[in-house]
Every structure is written in C-alpha cells, then in structure tokens.
Amino acid sequence: MRATVLYSYPALVSAGARAISFTEICPRSPLQRIEDQICVDPNLVRSSGLGGFLEAQKGVHGSQLAWKGPENCVNETCIFSNHLIGDGIVLLTTERNARIASNFPVAPSPAAATLPFHVAEVPGKGLGVIADRKIRKGETVLVRPPTMMVQTAPHVEMEPGTRDVLYDIAVGKLPKKGQELFMGQMGKDIHDKIETNCFQLYIDGANESGSHLGCYPEISRFNHDCRPNVHYRIANMTHTTVAARDIAPGEELSISYIELMLSREERRSRLRKWGFECACSHCSMSDEEVAASDARLRKIEELETALENFNETIVTAETGAQLVELYEKERLDIYLGQVYTRAALNFALFGEEEKARKYALAAVEAVERESGPNASDAKAMRVLAEDPKKHWTWGKRRKGKLGNGK
C-alpha cells in the first residue's frame, strides 16, 4: 500500500500505505496540514438506506444497474462486482459499504488514443509513463475508478488461506482486461499486489469500517520521484492525476510514494520498503547540493511552526512569501496550494492588500489543481482576493494594532 497526501505527505499506514486527503469532503483550517485520510460526503452515508444491496439499485440507470452481489460472503465480507465501470470493478466489503460505493458518480474512461502518454520501459525502473506531448501545468492526465477495492479490516485480519481464496474468486469476476491490468501489477500474489500498489481511502466518512484499499493498476505504472511532476487526488473512489508543472514530450510522469519533507537518507530509507534505492534527480545531487536542500527543509519547518504559532520574534509580513520561495526552490510543486494560502493570509493579517490578493489568486489556481474545482480553500481564497480589507484576517497583526483588525 502506498501513501501520498495533498499538502503534507503520507503517514505510512503499513509497509508503505498511501494515505490521501481530500479537503473538499473533509473540511479543515487552511492553516493546518491535511493528512492520512480520504472522506466522502456524509449525506451519501445517511441516504444509503437499509435493505438488500440489489434492492437499493432500483430506479437507477446505466452502469449502476450492472452491480452484482453480495456473493461468496465470509462473515460480513462479500464480493460485489460491476463489469461496466472502467475495465470492471470488484469490491470486497460489507453490504453497507457496497451500497455507498455504488452511489458514487463514475467518470467516463477516456479512449487510449486520447491519453497524453504511453507506457514504456524506463532504464533502471522497469515500466514507466512517458509524455507523448507537452502536458501543461494543471492539465488532467488521467481519471480512473478502481479495478479492485478491499475493506482494510478483512485484508489485515482474515485468515490468510480464506482471504487468498476470496481474492482469487474476486479477481476472477473482473472482465479479461481488468484481470490483466490487475495481475500485471508488481507483487508475487494478489495480497502482495494490494500491499504494494493500492491506496488507502475512506468511503464512509472517517469511520474505521469505511477504510478501504483502492487498486488503480494504470496508476501503479507511475514511478516515484522525490520531486514529482504529477499530483493526484481521490474523490469518493475516483482517482485523478493532474500535472503539477509543465511536462515536456518524452519526460517521465512521476508521483510520490512517501512524505517528502525528509532528508535524502530518510526518504531513501522509507522507499526501500518498495524494494529500490531512489536514484531520482533530487536524490542523485552532490553531497553539497543535498546539504543545501536539507537546510531548506529545516528552514521550511521552522517558518511553518512560527506561522502556526505566530512567533512574533520570527514572523513578519514577508514570512509567508519566504516560505513560498523555499517550496518553489525545492520544486515541491505538488504542495503549493497550502503554501500560497498561508502567504495570502499572512499578508492580510499584516494589512498588505496587493500582496494578499496576489497570493490568494495564486492559491486559488494551485488549490483547484490539487483538490479540484470545488475545493473549499479555493472558494475561501477567492473571497480574500476580491476584497482583502473585508476578510476576517485583515490587519489583525499590523504593528501597533495587534488584534484590533483596524
């Protein structure tokens, strides 16, 4: 299981579990890091109702009508499948969770001819994803539903022999292409493929019973880079990858498997759980360049702590802008949304109208790229950009007028 996050980075759930966050569904303060989970609209949970899974499909149309299950149940864990979603999808979960998942909107799968990349051998890495043309910053690269989604509790707790038989049956319910995609992932068996390639997500709010591992075989082709050029998010159970910066034709597309606010040695240590020694461009720098990078990361941590606690001996109107400069110099492009947001709010606190507006507009673009067009932080930054003087933060930290907002 891999993990990555939106602005902050993944806590490893188990041997490298990807944990993602989705700010539009899990509201948070724009001054806080977001970590460790994906949530869905609780209204979906409340409206899922009771009764049989197939009964809940009455009155729906299209791919939702193709759901089959529950089948091959072991206690409360059953198999549910739908051959019309993506290249086929199979769920191993409870009936309640299956009802919730079956109500999620399903994005159409693009034809292979329209994708801006191809999969090819990459020296020293095996298969990788290569750009066929220039991919512009903010462009959506790929939108995919999972091929397989497994509830975390039985994946961890079920007797291994029973679990493996259930996994074999589940994969057998996928259409041929779905089976080929899933089985083509790294891993010696189905359990190992799930451990290595799948993303943790929650489909029932933050309830532990809603914790699942979503497997997206086409995404597993994206190799790791400590300064990736692709950002990803999961909304409900749809996985979306977006270019974090301009990508040149022939350039490899990459994501991050781990938290990136770490020294080179710490990053490499975590990545060894995937069986490789990272040799990305950032890890391959000279020792002098690595020392400079590590120093910038320490400075980032210092400034973020000072901003969060408003350390008056360190924080000035320009502190947020200094933080932005450090992130940009570190090429941490996938995390700029929160950084621009911090800078905009800090300038507003100090009564710097034009700079507050400038960074708020930059935050809107970055947050929409990272969290989607309806992200709450993007809406909040639009409000700030329209009229900084009317924002609740305005002038609250101006010298001589701390806290009076005038």
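Guide: A cavity, on a 1 Å grid over the protein atoms alone, is a set of points where a 1.4 Å probe fits but cannot get out. Its volume is the space filled by probe spheres set on the points, which are joined across faces, edges and corners. This is a predicted model, where local features need pLDDT of at least 70, side-chain atom pairs count only at pLDDT 80 or more, and totals for chains, interfaces and linings use all residues. Residues are numbered from 1 along each chain as its sequence is written, and side-chain values use heavy atoms, with hydrogens and water left out.

Visitor: How many cavities of 30 Å³ or more does a search of the whole structure find?

Guide: Two. The largest has a volume of about 40 Å³.

Visitor: Which residues line the largest cavity?

Guide: Lining residues have an atom within 4 Å of a point. Here they include Thr77, Leu92, Met158, Arg163 and Tyr167. Helix H4 gives the largest share, three residues. Helices are DSSP runs (H or I, at least four residues), numbered from the N terminus.

Visitor: At what angle do H4 and H6 pack?

Guide: Axes are lines fitted to C-alpha atoms over the stretch in contact, and angles run from 0 to 180 degrees between N-to-C directions. H4 (residues 160-172) and H6 (residues 190-197) pack at about 80°, with axes 9 Å apart. That makes H4 roughly perpendicular (65 to 115 degrees) to H6.

Visitor: Which residues make the contact?

Guide: Contact means heavy atoms within 4.5 Å. H4 brings Arg163, Asp164, Tyr167, Asp168 and Val171, while H6 brings Ile190, His191 and Ile194.

Technical notes: Helices (H or I, at least four residues) and strands (E, at least two) are DSSP runs, numbered from the N terminus. Angles under 35 degrees count as roughly parallel, over 145 as roughly antiparallel, 65 to 115 as roughly perpendicular and the rest as oblique. On a 1 Å grid over the protein atoms alone, a cavity is a set of points where a 1.4 Å probe fits but cannot get out, and a pocket is an open set with protein on both sides within 12 Å along at least five of seven lines; lining residues have an atom within 4 Å of a point.
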